[in-house]
Amino acid sequence: MPVRQRTRRRLRRLLALLLVLLLCAGCGFFALRRLFVLPYRDAVEREAARFSLPSSLVAGLILAESHFDKDAVSHAGAVGLMQLTPDTYHWLCFKLGHEEGDLSDVDTNLYYGCANLALLLSEFSDLPTALAAYNAGPARVRDWLADTRYSKDGHTLSHVPYPETRTHTRRVMLYSQIYRLLYGLS
């Protein structure tokens, strides 16, 4: 077979392979968007901006907490998209000087969930530590930070003793990156 014919055949195979790869990549992108849904996008971006939070972080936290189920209720009684307990909600309303409303309302839940996350980030400047506090509670995280088995500097966790909290923190960090890539969120 002449060299020119072999070159053309190789080029056609290469182009076919590239086409298949492009199709797979395109299908993968749309498949990921089906797994990483983003309902309430406008509200998520609005509340994240209100509290100077990355919207990708808020979306990742919601996916980990409730999978965007506005009617979700945990075994601990946490409610809504951002899974706030009534006690946390009452405390936030008191701290912010607001009248209590309906925690199961999407906008209310997003507002107070973002307020809570912003407060935790201001107390625990390290993102994974703040996310651990969102999941396990700030008092528990303060105890961990005071324990040299879990924190070397008293400000960041070097080890999270609860497997659920450790997994939750990693998931939120990963989901945040995926939302940034898939949707171009901040």
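Arg8 lies in helix 1 (residues 3-35); helices are DSSP runs of H or I with at least four residues, numbered from the N terminus. The model is predicted: local features need pLDDT of at least 70, side-chain atom pairs count only at pLDDT 80 or more, and totals for chains, interfaces and linings use all residues. Residues are numbered from 1 along each chain as its sequence is written, and side-chain values use heavy atoms, without hydrogens and water.

**Salt bridges**
- Seven salt bridges are counted, each a side-chain nitrogen of Lys or Arg within 4 Å of a carboxyl oxygen of Asp or Glu.
- Arg50 and Glu47 form a salt bridge through their side chains (2.7 Å, N to O).
- Both Arg50 and Glu47 belong to helix 2 (residues 41-50), three residues apart, about one turn of the helix.

**Largest pocket**
- The largest pocket (an open set of 1 Å grid points where a 1.4 Å probe fits, with protein on both sides within 12 Å along at least five of seven lines) has a volume of about 810 Å³.
- Its lining has 31 residues, each with an atom within 4 Å of a point.
- Helix 8 contributes the most to this lining, six residues.

Key: Helix = DSSP H or I, 4+ residues; strand = E, 2+ residues; numbered from the N terminus. Points joined across faces, edges and corners; volume = space filled by probe spheres on them.
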